[in-house]
Amino acid sequence: MDATQARREQMVATQLRARGITSASVLDAFAVVPRHRFVDDTHGDPYGDHPLPIGEGQTISQPYIVAYMLQTLQLIPGQHVLEIGAGCGYQSALLARLGVSVAAMEIRRGLAEAARVRLQALNVEGVDLRIGDGSQGWPEDRRFDAILVAAAARDVPAKLARQLATPGRLILPVGSWQQELVLVSKDEGEMTQRTLAPVRFVPLQTS
């Protein structure tokens, strides 16, 4: 076992499993995907219990928040997932490890291009990463089993809600200074919304 694997396993045990993350597939993804390959360790411990800067004023969320969001979506291998705010590519890699097909969007060209390089270097497959305004949804008219937004919107973007399949789940932080993590569920054409927990994310940038 190398040093980084040991740190990942410690992260899983102390930050995820100890806080109620029970999904075996999510825990496996965090134990396998090398978080340190997606961040600059000069800004802090890649496996620490905190967010980290990734450049251009953006951050990668603390491991627990990412795990909580992924577990809440209840993803099944083979599903199609839209990821808004791909950032450094770490969450995209986790989604790919979960066996879903990932359509990822990142509005900042520099971050998107760097994320592509990292994903390719790690031989991550199943991620279609594009540069664009994620609040407008995927450029092609598609429906997704799940949508995950990694930046705070003032409300649920209507174009994202329209691209949610039935049944489907959309999770995102909503608010400006005071934010809440919100789960939108679509079933038989009807949408319901549930507030999960207070959070703190960078704002969702639009063009």
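**Two residues and a pocket**

A polar atom of the Gln79 side chain lies 2.9 Å from the backbone nitrogen of Ile76. The model is predicted, and distances here are computed from it. Gln79 sits in a loop. That loop runs between helix α3 (63–73) and strand β3 (80–84). The surroundings of Gln79 also include residues farther along the chain. With neighbours within four places in sequence left aside, Gln79 is in contact with Gln74, Val100, Ser101 and Asp145.

Ala96 belongs to a helix rather than a loop. The helix is α4, which covers residues 90–97. The relative accessibility of Ala96 is 16%. Ala96 therefore counts as buried, since the cut-off is under 20%. Contacts of Ala96 were listed without its neighbours within four places in sequence. On that basis, Ala96 touches Val102, Val124, Glu125 and Val127. Leu181 gives a further point of reference for Ala96. The two residues are separated by 85 residues in sequence. In space, their C-alpha atoms are 23 Å apart.

The largest pocket holds about 220 Å³ of space. Its lining is made up of 14 residues. Nearest the centre of the pocket lie Ala152, Ala153, Arg154, Pro203 and Leu204. By residue class, the lining of the largest pocket comprises six nonpolar, five polar and three charged residues.

How values were computed. Residues numbered from 1 in each chain as written. Predicted model: local features only at pLDDT ≥ 70, side-chain atom pairs only at ≥ 80, totals over all residues. Heavy atoms only, no water. Helix = DSSP H or I, 4+ residues; strand = E, 2+ residues; numbered from the N terminus. Polar contact = N/O pair within 3.5 Å; in protein donor to acceptor, adjacent residues only side chain to side chain. Contact = heavy atoms within 4.5 Å. Buried < 20%, exposed > 50% of the residue type's maximum accessible area, 1.4 Å probe, protein only. 1 Å grid on protein atoms, 1.4 Å probe; cavity = no way out; pocket = protein on both sides within 12 Å on 5 of 7 lines; lining within 4 Å. Points joined across faces, edges and corners; volume = space filled by probe spheres on them. Nonpolar A, V, L, I, M, F, W, Y, C, P; charged D, E, K, R; others polar.
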